[in-house]
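Visitor: Before I rely on any label in this entry, I would like to see the reasoning behind it. Could we go through the terms one at a time?

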Amino acid sequence: MNQTISISLSNPRRASASRDLLMLEQRGWRPYTGYVTAANAVAFLGRMLYGEETDNNWSERTDCGMTGEDMVTGIFAYPAYPDLAYQIAASYGILSEGVREEIEQEEVLQFSLEDEASTKYPSQGIISAEPLGDLYDAGGGIVPIPAISIEQDKVTLSRAVYGSIRITYRVLRDTYILTVTRRDPETTVENFYSSVAYAWYDGGGDWLTVEAPPGADEFDSECGWSSGLGSATWPDDEHNRPVSSGADRRIVIEYCSGVVWSDKTWETFES
Amino acid sequence: MTTQSLSIALTGQDTGADTALERFVRLENWAWKMEAQYANYYDLYQMLTGARGGVSAWTYVPADCPISVQDGVVTVALPFYSYPSSFDFSYSVSTSIGTLGEPTRISEAREFDLVLDHATRIVLPYAVEAPSLEWQSPAFDRDWRVTDQPTITVEGNNSLRLSHACWGVVRLKCLAQGYLHTVQIRLVKQTTEEDENGDLNTTGYKIENLACSATAAWQSLPDEAGNTELETEVLEVEVPRCVEDYLATCEDGLPVMDVIGPDGKSKTVVYYSTCTGNIIHTTHNA
């Protein structure tokens with residue numbers, strides 16, 4: 001987990017509405033990144049118990065969010081208009097060239113007798129709008145959906161209403177690939193992959209703390225495995241608690257495949 | 001509840017009251033590793049090979065999971081830190097449950113990115129020794145124009161002073177000064193047994209929703225009239241998932257397994273302990 005501490009006197013993160021022309025966002029890690037999922041476990045046991053062949057590298061079955069030794073993630077920049085000239089950088093790591101695309105974004109906006117709302121991303125234009133349920137005016141009367149205009153992230157209705165409106169709008173998005181190489185463990189204590197992405201233009205900018213995938217510092221690209229220090233304990237009432245027995249049994253199992261090589265029992269007799 | 005009082009003076013440090021602008025104690029959870037909280041292939045392999053060797057997989061405790069079972073008593077050891085803003089005042093640490101052991105004075109190497117978000121003074125999360133700073137970005141003014149990087153000086157031993165405000169990223173390396181505390185919580189497992197009348201009786205504590213809070217308390221700096229007041233910091237001590245999972249399997253020790261008889265109508269109900277696998281009780285319904 002990255003640790004970045006941000007302290008501010010006011011709230012300068014988004015400088016001001018008029019200058020708020022660029023927004024940064026990190027592409028989210030897929031669910032279960034860094035974890036052994038139930039499906040992973042079933043596949044692993046299938047191989048161990050029944051010799052099911054799938055692939056030979058168990059760590060590859062778990063999505064560690066890493067590419068080899070590097071953390072690779074997507075950084076999205078959303079400019080308010082196509083000609084916005086901005087620069088982007090990261091405090092640590094290498095950013096690729098940006099790839100621009102126009103995407104459709106869907107949002108549900110809530111109005112409580114208001115005629116304005118904000119979208120999450122700066123808009124390039126509205127595609128559609130539909131009320132979710134009825135819309136009401138100040139007197140409680142049902143009203144048709146008012147005319148909607150949108151500029152950057154500001155949505156304006158022709159009249160104040162109470163209700164929800166789902167809108168679909170166009171968003172300009174530049175995608176950058178950030179590659180972060182693990183810091184030298186000889187000189188680094190923790191937060192091996194931490195980085196801050198920032199972008200700026202004439203008069204404003206935005207930044208974000210890059211989130212590393214879960215367990216990145218701990219496992220690197222081997223998130224499915226551990227250092228292997230687990231141990232067995234035997235509660236008093238454990239019915240399989242080892243006891244002195246009249247036989248010794250030795251089972252030899254091949255470590256990687258789990259195939260039982262031999263299983264021998266030697267009877268021992270008390271003299 | 002157990003309480004400890006702590007007061008240790010650092011030597012060679014500028015911790016005088018005249019430089020102390022504020023006084024606080026920050027509590028911080030132990031950073032549990034993922035391998036202590038979530039099963040991985042190694043754990044599965046150990047449980048599988050154990051089961052093949054005749055040892056129940058229930059007995060396996062993942063690496064670094066702070067739980068032990070002895071004589072029917074589950075002991076959970078939960079560490080946490082306290083970081084005072086300086087070492088020239090006393091404070092107490094207590095926990096809502098469990099027994100606090102003797103604290104250990106620590107000086108841990110820490111390293112993190114610090115975003116200078118137009119502040120001219122930054123209070124660090126702990127008192128530090130041997131701090132070093134390295135710029136990771138240019139400095140920007142409020143209009144995001146590149147500006148001179150300010151001079152950064154360490155004030156007291158717990159804050160940074162910048163010669164002028166800017167946005168920028170610096171990497172701070174330091175030795176964090178504080179204490180490591182460990183609270184030991186002993187729990188008697190809840191078990192269900194059949195008595196001589198054939199009734200099921202449950203004994204022991206129900207060990208679910210384990211929650212422990214730690215509180216640090218200290219006297220504030222005197223105000224203009226010389227008055228002080230008691231200030232506190234509370235931390236919900238993090239319980240690793242492996243502990244919760246272990247305790248959850250022993251929550252009531254009474255899951256039910258139904259078996260339909262050979263005639264397709266009669267039903268056998270088997271009660272067994274999820275902790276041990278032992279059959280506790282069996283009933284037959286025609």
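Guide: Let us begin with pairing: two strands pair if DSSP finds at least two bridges between them. The model is predicted, and in it strand 8 (residues 125-136) of chain A and strand 10 of chain A share eight bridges in the antiparallel sense. Eight bridges satisfy a rule that asks for at least two, so the two strands are called paired.

Visitor: Which residue of strand 10 of chain A is the bridge partner of A:Gly125?

Guide: The partner of A:Gly125 in that strand is A:Arg170.

Visitor: How do you know that strand 6 of chain A pairs with strand 10 of chain A?

Guide: Strand 6 (residues 94-95) and strand 10 of chain A are joined by two bridges, in the antiparallel sense. The rule asks for at least two, so two bridges are enough for the strands to count as paired. Within this pairing, A:Ile94 has A:Thr179 as its bridge partner.

Visitor: What other strands pair with strand 10 of chain A, and over how many bridges?

Guide: Strand 7 (residues 99-123) of chain A runs antiparallel to strand 10 and is joined to it by 19 bridges, with A:Leu109 opposite A:Ile165. Strand 4 (residues 70-79) of chain A pairs with strand 10, whose residues are 148-181, over eight bridges, again in the antiparallel sense, and here A:Thr73 faces A:Leu178.

Visitor: Why is A:Gln152 called partly exposed?

Guide: A:Gln152, which is found in strand 10 of chain A, has 17 other C-beta atoms within 10 Å. A residue is buried at 20 or more and exposed at 12 or fewer, so a count of 17 places A:Gln152 in between, as partly exposed. A:Gln152 also has a positive phi of about 55°, although it is not a glycine. As background, most residues other than glycine have a negative phi.

Visitor: What makes B:Trp144 buried?

Guide: B:Trp144 has 23 other C-beta atoms within 10 Å, and because the cut-off for burial is 20 or more, this residue is buried. The place of B:Trp144 is in the loop between strand 11 (139-140) and strand 12 (146-147) of chain B, and its phi is positive, about 60°, although B:Trp144 is not a glycine. By the burial criterion, 33% of the 286 residues of chain B count as buried.

Visitor: Which residues of helix 1 of chain B are buried?

Guide: The buried residues of that helix are B:Tyr41, B:Tyr42, B:Asp43, B:Leu44, B:Tyr45, B:Gln46 and B:Met47.

Visitor: How do you know that the span of helix 1 of chain B is close to the expected one?

Guide: Helix 1 (residues 41-52) of chain B has twelve residues and reaches 16 Å from its first C-alpha to its last, which is close to the 16 Å expected at 1.5 Å a residue. In total, chain B has two helices and 22 strands.

Visitor: Why are strand 9 and strand 13 of chain B called edge strands?

Guide: In chain B, three strands form an open sheet in the order 9-14-13, with antiparallel pairing. Strand 9 (121-123) and strand 13 (152-155) each pair on one side only, and that is what the word edge refers to. From one strand to the next the twist averages 25°. Strand 9 and strand 14 (residues 159-162) of chain B are linked by three bridges, and since at least two are needed, they count as paired; B:Ile122 stands opposite B:Leu160 there.

Visitor: Which strands are the edges of the open sheet 5-11-12 of chain A?

Guide: That sheet has three strands with antiparallel pairing, and its edges are strand 5 (86-90) and strand 12 (204-209) of chain A, each of which pairs on one side only. The twist averages 10° from one strand to the next. Strand 11 (residues 196-201) and strand 12 of chain A pair over six bridges, with A:Ala197 opposite A:Leu208.

Visitor: Where in chain A does the pLDDT stay under 50?

Guide: One such stretch is residues 5-19 of chain A, for which the model has 22 contacts beyond four places in sequence. Residues 233-247 of chain A are also below 50, and this stretch has 29 contacts beyond near neighbours in sequence. Chain A as a whole averages a pLDDT of 79, with 72% of the residues scoring at least 70.

Methods:
Residues are numbered from 1 along each chain as its sequence is written. Chains are lettered from A and ligands numbered from 1 in the order in which they are written. This is a predicted model: local features need pLDDT of at least 70, side-chain atom pairs count only at pLDDT 80 or more; totals for chains, interfaces and linings use all residues. Helices (H or I, at least four residues) and strands (E, at least two) are DSSP runs, numbered from the N terminus. pLDDT is the predictor's confidence in each residue, from 0 to 100. Two residues are in contact if their C-beta atoms, placed from the backbone, lie within 7 Å. The expected span of a helix is 1.5 Å times one less than its number of residues. Axes are lines fitted to C-alpha atoms, for helices over the stretch in contact, and angles run from 0 to 180 degrees between N-to-C directions.
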